[in-house]
Amino acid sequence: MENYHNMIKKFFHKGSVMPKISVIIPVYNVEQYLPQCLDSLRKQTLSDLEFICINDGSVDGSLDILQAYAAEDHRFVIINQKNRGQGYARNKGLEAASGEYIGFVDPDDWVEPDMYEQMYNLAEKYNADTVECNYEHYIESPKTVTTMPGNIKRPLPEASDGILSYNWTQLPGQHLIWSGPHAVWNKIFSKKMINDEHIRFTEGTLAEDALFTIHSRICSLRTIQCPKIFYHYRTRQDSACNKISDNRFDFFTAVRDIKRILTQYNIYEQQQNYFYKFLLYSFPQYYNSTPPARQNEFKQIYLSLIHI
């Protein structure tokens, strides 16, 4: 099979045109939801995009769906790998990405048609390293579907058009680590910043995006926040976050990686209280979904990190 880097170059180097945004989609056993996600990307009003789809060892029909979309639209690029988790998959996508900016979409979510055009225009207008939009929760249960606005934080006064421009040093101290979700899917990031600062995901299954988000907040000289809802985030009862699993121990890898980054930028002591708040806030979610036979082991590792 032709190397995916060469596939990208063949398409985007025609006339020296490179994509404005590379959108990375890690895919694992989501055949029921994947077409809605891919359709929302294919219909974007900004055409200068590439969609890097990492099939992370799916055993359902997800790969067949990806191949059908790639056959019809050469902006879809498929990377096939054994199951390694979402963090590893996203890092592989970053290696292949050639866009000016990088975006991420989860394969069971979907986006508004003008999401990437609007966010790219904001990035260019304000010379921003990161652009963030609001989102909607789409909560599925066996009998009902509930929607509600996301909880994007508005920690500073915004301009009259609702746009907020800042870097993290201007915000209340808790914003870097503790306040707000660590999601990457409602943002685009400067590829130059990502490469220059070697911003990557923790290579695990859970909490893998916390490291990436915190590291990028530190390095973004300018972040633009837009109040419009462009992203639709689906919460499923059968998602990885809601299952009893040994992969809850991935949380500790993410925590150690975050501490390493804070130390690297000489801000660990400044952020230590919020680091501990992040640990305290996260504990119930991961502990309660750890297999009962390993919960004591989980608790002991947790206590060693928080020095109790």
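## Helix pair α2 and α3

In this predicted model, the axes of α2 and α3 come within 10 Å of each other. They cross at roughly 20°. Angles under 35 degrees count as roughly parallel, and α2 and α3 are therefore roughly parallel to each other. The crossing in which α2 passes α3 is right-handed.

On the α2 side, the contact is made by Leu 34, Pro 35, Leu 38, Asp 39 and Arg 42. On the α3 side, Ser 62, Ile 65, Leu 66, Tyr 69 and Glu 72 take part. By class, the residues of this α2 and α3 contact divide into 6 nonpolar, 1 polar and 3 charged.

## Helix pair α7 and α8

Helix α7 spans residues 208-219 and helix α8 spans residues 250-264. Their axes come within 9 Å and cross at roughly 15°. That angle makes α7 roughly parallel to α8. The crossing of these two helices is right-handed.

From α7, the contact residues are Ala 210, Leu 211, Ile 214, His 215 and Ile 218. They meet Asp 257, Ile 258, Arg 260, Ile 261 and Leu 262 in α8. The contact of α7 with α8 divides into 7 nonpolar, 1 polar and 2 charged residues.

## Nonpolar cores

The largest nonpolar core holds 39 residues. Ile 21, Leu 41, Val 105 and Tyr 116 have the most contacts inside it. Several helices and strands each supply at least two residues of this core. The helices are α2 (34-42), α3 (62-72) and α5 (115-126). The strands are β1 (21-27), β2 (49-56), β3 (76-81), β6 (130-140) and β10 (223-235). Helix α5 gives the most to this core, with 6 residues.

Val 105 shows what one of these positions touches, not counting residues up to four places away in sequence. Its partners include Val 23, Ile 24, Ile 25 and Pro 26. Cys 37, Leu 41, Val 111 and Tyr 116 are also among them. Trp 185 and Tyr 231 complete the list. Apart from the largest core lies another, of 30 residues. Leu 206, Phe 251, Tyr 268 and Leu 279 are among the residues of that other core.

## Helix α4

Helix α4 covers residues 86-96. It is mostly covered, with 9 of its 11 residues buried. The buried set includes the charged residues Arg 90 and Lys 92. Asn 91 is buried too. The others are Gly 87, Tyr 88, Ala 89, Gly 93, Leu 94 and Ala 96.

Notes: Residues numbered from 1 in each chain as written. Predicted model: local features only at pLDDT ≥ 70, side-chain atom pairs only at ≥ 80, totals over all residues. Heavy atoms only, no water. Core = buried A, V, L, I, M, F, W, Y, C linked by side-chain atoms within 4.5 Å. Buried < 20%, exposed > 50% of the residue type's maximum accessible area, 1.4 Å probe, protein only. Helix = DSSP H or I, 4+ residues; strand = E, 2+ residues; numbered from the N terminus. Contact = heavy atoms within 4.5 Å. Axes fitted to C-alpha atoms, helices over the stretch in contact; angles between N-to-C directions. Parallel < 35°, antiparallel > 145°, perpendicular 65-115°, else oblique. Left-handed = near helix turned anticlockwise from the far one by under 90°.
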